[in-house]
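Let's take a walk through this one together, starting with charges that pair up and ending with an open pocket. Keep the viewer handy as you read.

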Amino acid sequence: MDETYKAALDLWGAEAQTLMAMEEMSELQKELCKHARGKDNREEIAEEIADVRIMLDQMAILHNCEELAEQYKVRKVERLGKLIRQKKGAEEGQSNADRIRSMSDEEMAEWMTHHSVYSVCDIVCGGDCKAVANLTMTSRERCDEIIMQWLERATGPECEWCEIFRKNKGWSEYVGGGRYERIKYKFCPVCGRMID
């Protein structure tokens, strides 16, 4: 199919195919609006979905972002699954600890950027960490290790700014009136990694 899409882009050009993509999305929107008003137009909706998918595939080729678009799709589907799990958990009376235990690495890293890092451990095990029962390290050391593993998997390696923020113990930021204020970051504002 990629060859057919490339041939269409070569034949009609990027501008014409971009306009066609917008036109096809508009036609799908029109059919969905008709359905919302009560029309039985399943066949028309299916046809317009097919047209939009074809044009979106061409746009991904045109902008050389096929793999990137697929990666975003996977992430967004995972995020949708998270929202569904949270909604179901809330409806079923699931506790915060149960929700945290079911989080992916990315979800856990996101949680930790908005909450006290150790609140995760406190909520899950209440300070009585089961993960260290057979280890020689303390529960706090084990939590540190697990948290760094989550962050590394979720956000990748440190960026070049992490070390700068760590060495300078933060950053001076202009606050107005000719004054600068030292700001200590717990997380790198560039890549999101924990830096203290």
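A salt bridge here is a side-chain nitrogen of Lys or Arg within 4 Å of a carboxyl oxygen of Asp or Glu. Keep in mind that you're looking at a predicted model. By that rule, the count comes to 1 salt bridge.

So which two side chains meet in that salt bridge? They belong to Lys 34 and Glu 31, with 3.5 Å from N to O, which is inside the 4 Å cut-off. Side chains of opposite charge can pair when their charged atoms come close. The layout of the helix fits in here: Lys 34 and Glu 31 are 3 residues apart in helix α2 (residues 14–36), so about one helical turn separates them. The two partners sit in their surroundings as follows: Glu 31 is buried, at 7% relative accessible area, while Lys 34 counts as partly exposed, at 23%.

Now for the overall layout. The chain has 9 helices and 2 strands. Reading from the N terminus, the order is α-α-α-α-α-α-α-α-α-β-β. Of the 196 residues in the chain, 26% are buried.

Stay with helix α2 for a moment, and look for Met 20, which is placed there. Is Met 20 buried or partly exposed? Its relative accessibility is 30%, so Met 20 counts as partly exposed. Met 20 and Val 52 are 32 residues apart in sequence, yet their C-alpha atoms are 9.3 Å apart in space.

Helix α3 is the next stop, and Met 55 is found in it. Met 55 has a relative accessible area of 6%, which means that this residue is buried. Follow the chain back from Met 55 to Tyr 5 and you cover 50 residues in sequence, but go straight through space and the C-alpha to C-alpha distance is 8.5 Å.

Between α3 and α4 there's a loop, and Asn 64 has its place in it. The backbone is worth a look here: Asn 64 has a positive phi of about 50°, although it is not a glycine. At 68% relative accessibility, Asn 64 counts as exposed.

Past that loop you come to Glu 66, in helix α4. Glu 66 is partly exposed, with a relative accessible area of 37%. Compare its position with Leu 56: the two are 10 residues apart in sequence, and 9.8 Å lies between their C-alpha atoms.

Glu 66 and Leu 56 also turn up together in the lining of the second largest pocket. That pocket has a volume of about 370 Å³. Which elements give two or more residues to its lining? They are α3 (42–62) and α4 (66–91). The lining residues include Asp 2, Arg 53, Asp 57, Cys 65, Glu 70 and Lys 73. Sort the whole lining by type and you get 4 nonpolar residues, no polar ones and 6 charged ones.

One last stop has to do with rings. The structure holds 0 aromatic pairs. There is a charge over a ring, though: the charged end of Arg 75 sits over the ring of Tyr 72, 5.3 Å from its centre.

Notes: Residues are numbered from 1 along each chain as its sequence is written. This is a predicted model: local features need pLDDT of at least 70, side-chain atom pairs count only at pLDDT 80 or more; totals for chains, interfaces and linings use all residues. Side-chain values use heavy atoms; hydrogens and water are left out. On a 1 Å grid over the protein atoms alone, a cavity is a set of points where a 1.4 Å probe fits but cannot get out, and a pocket is an open set with protein on both sides within 12 Å along at least five of seven lines; lining residues have an atom within 4 Å of a point. Grid points are joined across faces, edges and corners, and a volume is the space filled by probe spheres set on the points. Helices (H or I, at least four residues) and strands (E, at least two) are DSSP runs, numbered from the N terminus. Ala, Val, Leu, Ile, Met, Phe, Trp, Tyr, Cys and Pro count as nonpolar, Asp, Glu, Lys and Arg as charged, and the others, Gly among them, as polar. Rings of Phe, Tyr and Trp (its six-membered ring) pair if their centres lie within 6.5 Å; planes under 30 degrees apart count as stacked, over 60 as edge-to-face and the rest as tilted. A charge sits over a ring if NZ of Lys or CZ of Arg is within 6 Å of the ring centre and within 35 degrees of the ring normal. Buried means under 20% relative accessible area, exposed over 50%, partly exposed in between (1.4 Å probe, protein chains only).
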